[in-house]
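Thank you all for making the time this morning. I would like to go through one structure with you, beginning with a single contact and working outwards to the chains and the places where they meet.

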Amino acid sequence: MPDGFEPKIVAFFCNWCTYLAADLAGTSRMKYAPNIRVIRTMCSGRLDPQFVLYALANGADGVLIGGCHPGDCHYQEGNYKTLRRYHLLKRLLKEYGIEEERVRLEWISAAEADKLRTAVNQLVEKVRALGPLRWCAPVEVREPSEVTLQ
Amino acid sequence: MTNTKPKVAFYWCASCGGCEEAVVDLAEKILDVVAAVDIVFWPVALDFKLKDVEAMADSSIVATFLNGAIRTSEQEEMAHLLRRKSQMLIAFGACSHLGGIPGLGNLWDRASIFHRAYQESPSTVNPEGTVPQPSCPQNGHPLTLPVFFDTVRSLDQVVEVDYYLPGCAPPAGLLAKAVQALLSGNLPPKGSVLAGDKALCEECPRKDSRPEKLTLKEFKRPHQVLIDPEKCMMAQNLICMGPATRGGCEARCINGNMPCTGCFGPTDNVRDYGGKALSAIASIIDSTDPAEIDSILAKIPDPVGLLYRYSLPASLLHRKKLEAA
Amino acid sequence: MAQRQRDSDGGARVGVYVCHCGTNIAGTIDIYGLTDFAASLPGVAVAREYKYMCSDPGQALIKQDIADHSLTRIVVAACSPCLHEKTFRHATALGGLNPYFFQMVNIREHDSWVHTDKAAATAKAKDLVRAAVNRVKRHQPLERREVSVKSDVLVVGGGIAGIHAALTLANAGKRVYLVEREPTIGGHMAMFDKTFPTLDCAACILTPKMTAVKMHPNITLWTMSEVARVEGYVGNYRVTVKRKPRYVIEELCLGCMECIEACVFKQAKVPDEFNLGLSKRKPVYIPFPQAVPQVVVIDPETCIEFKTGKCKKTCIEICGERNAIDLQQKEELKTIEVGAIVLATGFRIFDAKRIPYYGYGEYPNVYTGLEVERLINAAGPTGGELVMRGGRKPTSVGIIHCVGSRDEHTNRYCSRVCCMYSLKLAHLIKEKTGAEVYSLYIDIRAPGKAFEEFYNRVAEEGIRLIRGKVADIYPAPNGGSGLVLQVEDTLLCRVHKILVDMVVLATGLEPRADAQEVRRRFNIGCSSEGFFLERHPKLAPVNTFTDGIFLAGCCQGPKDIPDTVAQAGAAAGEALALIDAGAFELEPSTAYVLKDNCSGCKTCIGLCPYQAISFVEDRKQAEINEILCKGCGTCVAACPSGSIRQHLFEDEEILEEIDGVLAYA
């Protein structure tokens, strides 16, 4: 594991719960690891699995998905769809060989600033221990055609 | 140079030969094609040599139809060569379009594939553990073989591609239309897939039998169901990739009473075929309990195989994580 | 295959504004470095920093730059969009651009306020700014849709909060439905004896308001009623109210109460809810003498006719020609259409049994503050005399503050009213009985107007104020009915064992038992303690995150009567602002179907909880109703062919943001 590696985590937070929890963490001046970059959607149900794959393929070392607790979705049921997609996505990522701990779904309500802080810090620590994902293989870059003789 | 018919070439890379069959499937129409064009390279059928192609002027071939994925260094070199020599390079079939079935090799690497093929498989007897080498001296001369890459690539991951003809294999009708368009100069913008842009459901004969609000508590696999030939596959708990797959194939598999497996790939609005398909499939699971959801999904034993059967190289992640050498 | 075009800016000219926010942001993030970085991004024509972007001059900067530099997009890096997205969209619009050509970057709540490493915080800010610049270039012009607002209002809960809100709205000329679960309005305030700090009689100040509600032509009062279902959206709520039977016809009952007198139960046997079980009532009863509506109610759980069918029904007999009793009365469902809803559902008191060593429910003379209110109230179970169970009057009373509050084992928060009501009870008890009164407190919280003065007055009356948390209560060792309070006096550093006749537990306030169920019904949030969640604790204390639904009173958090009334007025004001505007603008971030691409696969149809997606038979495609669509984006993500998109949250826009934060060019 390279020294001084700082993971880059892309976070998808829903506007009504997790984003507000992050705001509350801010107004309460809580401190947490600076590795996450938040992308805001109105509901976690907007989260297309393509976004998670895109993030991992383009430099993210981990992904954090934040939504409302089951039963509390501002739009009634969006988070249930997120939950179902997340489960299938996890199975897919496993087949891709991406470590389980890199992608995490957390239900964080608008009042749970502390839970947010803990979730972020824990994820950053886990991903730091796993090392960089380094999936960045832009389509345009060619694979080396050299190979060592056996 | 005195021949004024447009020059056309066909080449095959990592392919099963089905796309070549598809050309032949034009049946009598092939005579019209042959009459209208001058086929200057077609290894499966005609006897032109590599040096003939190398001798051609750049861009002297009007259109090359290249099928098969890029698996070896030879295929990569040919792709570059034909790109140079052609005005238009058309990725023909799912393998060159998206990586195709060979693309599933991206779940392994060369070492593990060789191990399986040359040592482990039940019918192999290879006590010395001989595996192909890129170069091997024989009687003082180096004999070379193309390098077998760890990763399968689609054609456009190697060279610039002008058009795509989707399908495994593309239906004869689609190919005929494409040749027509080529000859008449009536082509869509560069980079287009030469088929419609709506998912298969649009032309599916079973479309009306899918209920408006379908949710599933269980997934079944085709061998577990006596498939009703009139009813929508999804309504029979079978995962059909039709909703996620570009149409234009006249629903051949559906008409063969099997669910679609996605060979035409995604529609234009989708970046990663499997990611979008997974979203649709998961969204209609009828459960809110994580444990129950998991047990429903356990009926999908091979997510990559289901979601990226033809498109793993073209997907956002391209391949399974390569372990450091 | 769809390749994402990494195209050029498309000619966009972006203005980026980095806010210092005083030192809130500038103290941690290198503002000048960030601004220079922004200026270097492709497509950025202007990059500025300013001390307070939300101020008038800050907003004017944007307007001026749009003109001077032909800007086509605006990015502001400052606080949370929840605070100022609207502000800057407005500024963008004033500059002549579509307000949705704007993107906000949160570098305060999400960055400068939560990180200490300045370099890391600045690097994060750079990533976020780059993401916003990438994104905003893809924004399309959007228009807010206007919906009309119905003018009726629903007030849920008939305590002092609901009453005041209803009266305010009704006086403004709006038709108000006041829905109350109990047979009468009045709530907890009707149970109090005197109120602090003025020692006004609660009933005396409350009942005129209750009567005003009854008499007001604009108020439809439905007691014995609950909200069963809420559908619709701001300005257009469709509410189903379940009216439970009281087995008495409200319009016919005169409130003479002869039926109660005539009831075959000569003795009252049923624990009286209003007196907290300290007295009994009959199956036919009126909750308290000044109940509104002044109509009796029959309890089917205890009425003999309901249980056996064999009652003489003397009640019906005595009612005679008025015929107000109807034992066949059924539950009714009523549907109303309102533009706004005010929730004033109140609180419950902390269950003192959760602190077993205080002996509530075990020792007969341990009471809650609310029970004592009933005992000392003239209309209460003992006629206003402070008589304990067993018949004696106490000669010594211990009042324990903070029961259930300020305690990590029960509720961490302070319930705000207990110190004041404890002081009040101390005064009233002393006045009525001359007993020795001990107040065991942790702190005395007397923040309101005339509160401190009241405390001084009570202290000077000879109440023994002891600073300490009672650790244990046990029966007096001499075998009498007395109780010993064991407490460490933290000012004298001594442990006392105080013998008292009576213990009063100043129990705190909690959300109602069904608060979670209720708030889900109205689609609002809750704080971690379970009180209904306000939109912003300082700037929007009566709004919720659901437009058109407002909060008043203790359902939002513990508070006293002055604050409750103030909040109820505020909620009514906010509701009036909404209704009198006549129309409400809905955010344009709705989903839409691409007709050229939809294959009619029907994956989306069942996914929308608002039934906004329908299948159009003649085209065999899905269609989204823009008015019903709330913009969650679930269908957008689910569509397997990418044929549904969402305004302002397009795939392209989000992918650009992801690119931006990953610095992967």
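Let me begin in chain B, where the side chains of B:D197 and B:R246 meet in a salt bridge, with a nitrogen-to-oxygen distance of 3.5 Å. Both residues sit in the loop between α7 (172–184) and α8 (252–255) of chain B, and the pair therefore ties together parts that are 49 residues apart in sequence. As for its surroundings, B:R246 is buried, at a relative accessible area of 1%. I should say at once that this is a predicted model, and that side-chain atom pairs such as this one are counted only at pLDDT 80 or more.

Over all chains, a search of the whole structure finds 67 salt bridges, and I will pick out a few of them. In chain C, C:E510 and C:R354 form a salt bridge through their side chains, at 3.0 Å from N to O. This pair links distant parts of the chain, since C:E510 belongs to strand β28 (residues 509–510) of chain C while C:R354 lies in the loop between β19 and β20 of chain C, 156 residues apart. Are the two partners buried or partly exposed? C:E510 counts as buried, at 5% relative accessibility, whereas C:R354, at 42%, counts as partly exposed.

Another salt bridge in chain C brings together the side chains of C:R464 and C:E436, at 3.3 Å between N and O. Here C:R464 lies in strand β23 (residues 464–467) and C:E436 in strand β22 (residues 436–441) of chain C, so that the pair ties together parts 28 residues apart in sequence. Both are partly exposed, C:R464 with a relative accessibility of 42% and C:E436 with a relative accessible area of 25%. There is also a network, in which salt bridges that share partners join A:R40, C:E85, C:R89, C:R144, C:E585 and C:E587.

Let me stay with chain C a little longer. Chain C contains 17 helices and 34 strands, and its C-alpha trace spans about 90 × 70 × 40 Å along the principal axes. Of its 665 residues, 59% are buried, and among its contacts with a separation of 6 or more, 69% are between residues 24 or more positions apart.

Which helix would I point to as enclosed? In helix α11 (residues 369–376) of chain C, eight of the eight residues are buried, so this helix is largely enclosed by the rest of the structure. Charged side chains are part of that list, which includes C:E371, C:E373 and C:R374. The cover over the buried residues of α11(C) includes the strands β8 (194–195), β19 (348–349), β20 (366–368) and β27 (502–507), together with helix α12 (418–433), of chain C.

Turning to chain B as a whole, its secondary structure comes to eleven helices and nine strands. The radius of gyration of chain B is 22 Å, close to the 20 Å that the globule rule gives for 325 residues, so chain B is as compact as a globular protein of that length. Its C-alpha atoms fill a box of roughly 65 × 55 × 30 Å, and buried residues make up 54% of the chain.

Now to the interfaces, and I will take chain A with chain C to start. Here 52 residues of chain A are in contact with 51 residues of chain C, and the two chains bury about 4,400 Å² between them, 60% of it on carbon and sulfur atoms. A:R37, A:R46 and A:Y54 supply 16% of the area that chain A buries against chain C, more than any other three residues. Between these chains the count is six salt bridges, one of which joins C:R519 and A:D72 at 2.8 Å from N to O.

For chain B with chain A, 47 residues of chain B touch 35 residues of chain A, with about 3,800 Å² buried between them, 62% of it on carbon and sulfur atoms. B:L278, B:L317 and B:K321 supply 19% of the area that chain B buries against chain A, more than any other three residues. The salt bridges here number three, including the pair B:K276 and A:D48, whose closest N and O atoms are 3.2 Å apart. The rule also finds 15 residue pairs in polar contact across this interface.

Key
Residues numbered from 1 in each chain as written. Chains lettered and ligands numbered in written order. Heavy atoms only, no water. Contact = heavy atoms within 4.5 Å. Buried area = accessible area lost by both parts, 1.4 Å probe. Salt bridge = Lys/Arg side-chain N within 4 Å of Asp/Glu carboxyl O. Helix = DSSP H or I, 4+ residues; strand = E, 2+ residues; numbered from the N terminus. Rg over C-alpha atoms; globule rule 2.2 N^0.38 Å. Buried < 20%, exposed > 50% of the residue type's maximum accessible area, 1.4 Å probe, protein only. Polar contact = N/O pair within 3.5 Å; in protein donor to acceptor, adjacent residues only side chain to side chain.
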